[in-house]
Amino acid sequence: MPLDKQAELWLKGLAESGLPPLETMPVPEARQVYAAACAEHGLAPETVADISERVIPGPGGDLPVRIYTPAGSRPLPVLVYFHGGGWVLGGPGVVDGPCTLLANRAHAVVVSVDYRLAPEHPFPAAVEDAWAAVRWVADNAALLGADPERIAVGGDSAGATLATAVAHLARDAAAPALRCQVLLYPVTDAAERSASYRENGEGFFLTADLMGWFLDQYLPEGVDRTDPRVSPLRAADHTGLAPALVVTAEYDPLRDEGEAYGARLAAAGTTVTATRYAGQIHGFAANLAGAMDEGRRALEDAGAQLRQAFRAGWTPRLWLADR
């Protein structure tokens, strides 16, 4: 499919802005530019019953979370969400819009995790924080008005990779039993570049050079890039994982590895809903949905899938794959 017209217009504006590539900026400046872009082009937050901040215990000290609570009777299901930004950029503020939408559509509490960022805190700090947050939610669901038996994880880009890591850890620990994992264009293989890197590695916002910079910040020399906590496609065992929604974008360097991960989960017996959004670029849903209608549609679809997954008596066998 040709590049989506709204994505094309956004990319044209980016090219005309004169901004240098993010990977050429000092990290603090790159964070400011990224946050400003998300604020300008992201989805406007919806009204929810309550938004609160809390600090929970983390492996590196205090771990901030932002909690979005929709209207509705308690206990509600809960989604633990991890923002994208290459493990280097971003925070809960860049996904305020998506988190409010998901809270309202899924009728669920959303806990957005402000995990530690690289290069100050390289791998596995973000994974450790993500796992700590999910365990805290499971142990303290009553404080959130939430149901500890209805927990899902999700995220976009690097945050989606954190969600995959948590899903594996929860499977191995036999708790909590996750209802779903929502993976918006995840990184699933940090050790090898797929064909979509060659096809889409330049000119579509997330470039091969920018992705390489992210990985170098997060995975400094000496870190095994085949570790399944950052390369879940390379995990030895994909059985017994939570049902997954995998969203990919046609013009994304990460497209092929995301789709390969969905196929690997399906081959291992996990129910997978996999959707490639034609004509779209990386970031179209979580960060650019205010500028791209298909981004909102992807989030609406994710909210509907989550609501189904949280339904009483729901079983994965009833969740049909969309291919």
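A disulfide here is a pair of cysteine sulfur atoms within 2.5 Å. Keep that cut-off in mind for the opening stop of this tour, which runs through a predicted model.

**Stop 1: the cysteines**

Select Cys99 and Cys38 and show their sulfurs. The sulfur in Cys38 is the closest cysteine sulfur to that of Cys99, yet the two are 12 Å apart, too far for a bond. Now add Cys180. Its nearest cysteine sulfur belongs to Cys99, at 15 Å, and Cys180 is in no disulfide. The structure as a whole holds 0 disulfides. While you are here, switch on a surface: Cys99 is buried, with a relative accessible area of 0%, and Cys180 counts as buried at 0% relative accessibility.

**Stop 2: the largest pocket**

Next, select Leu14, Leu19, Pro20, Pro21 and Phe205. Of the 28 residues that line the largest pocket, these are the closest to its centre. The pocket has a volume of about 630 Å³. To see which elements frame this space, colour helix 1 (5-16), helix 2 (27-41) and helix 8, the elements that give two or more residues to the lining. Helix 2 supplies the largest share, 7 residues. What is the lining of the largest pocket made of, by class? Colour by residue type and you should find 18 nonpolar, 6 polar and 4 charged residues.

**Stop 3: the second largest pocket**

Move on to the second largest pocket, which holds about 230 Å³ of space. Select Ala177, Leu178, Gly240, Leu241 and Ala242, the closest to its centre among the 16 residues that line it. Helix 6 (158-173) and strand 6 (178-184) are the elements that give two or more residues to this lining, and helix 6 gives the most, with 3 residues. By class, the lining divides into 9 nonpolar, 4 polar and 3 charged residues.

**Stop 4: the cavity inside**

Clip through the model for this one. There is 1 cavity of 30 Å³ or more, and about 130 Å³ of space lies in it. Which residues should you select to find its centre? Try Tyr34, Gly85, Ser157, Phe214 and His282, which lie nearest the centre among the 17 lining residues. Helix 8 (residues 208-218) contributes the largest share of the lining, 3 residues. The lining has 9 nonpolar, 7 polar and 1 charged residues.

**Stop 5: aromatic pairs**

Finish with the rings. The model has 7 aromatic pairs. Select Tyr185 and Phe284: their rings form a tilted pair, 5.9 Å centre to centre with 45° between the planes. Tyr185 lies in the loop between strand 6 and helix 7 (195-200), and Phe284 in the loop between strand 8 (272-281) and helix 10 (293-309), so the pair ties together parts that are 99 residues apart in sequence. Tyr185 counts as buried at 1% relative accessibility, and Phe284 counts as buried at 0%.

Then select Trp213 beside Phe214, a residue you met at the cavity. Trp213 and Phe214 form a tilted pair too, at 5.6 Å centre to centre and 45° between the planes. Both Trp213 and Phe214 are buried.

For a last view, select Trp87, Phe123 and Tyr218, which form one aromatic cluster.

How values were computed: Residues are numbered from 1 along each chain as its sequence is written. This is a predicted model: local features need pLDDT of at least 70, side-chain atom pairs count only at pLDDT 80 or more; totals for chains, interfaces and linings use all residues. Side-chain values use heavy atoms; hydrogens and water are left out. On a 1 Å grid over the protein atoms alone, a cavity is a set of points where a 1.4 Å probe fits but cannot get out, and a pocket is an open set with protein on both sides within 12 Å along at least five of seven lines; lining residues have an atom within 4 Å of a point. Grid points are joined across faces, edges and corners, and a volume is the space filled by probe spheres set on the points. Helices (H or I, at least four residues) and strands (E, at least two) are DSSP runs, numbered from the N terminus. Ala, Val, Leu, Ile, Met, Phe, Trp, Tyr, Cys and Pro count as nonpolar, Asp, Glu, Lys and Arg as charged, and the others, Gly among them, as polar. Buried means under 20% relative accessible area, exposed over 50%, partly exposed in between (1.4 Å probe, protein chains only). Rings of Phe, Tyr and Trp (its six-membered ring) pair if their centres lie within 6.5 Å; planes under 30 degrees apart count as stacked, over 60 as edge-to-face and the rest as tilted.
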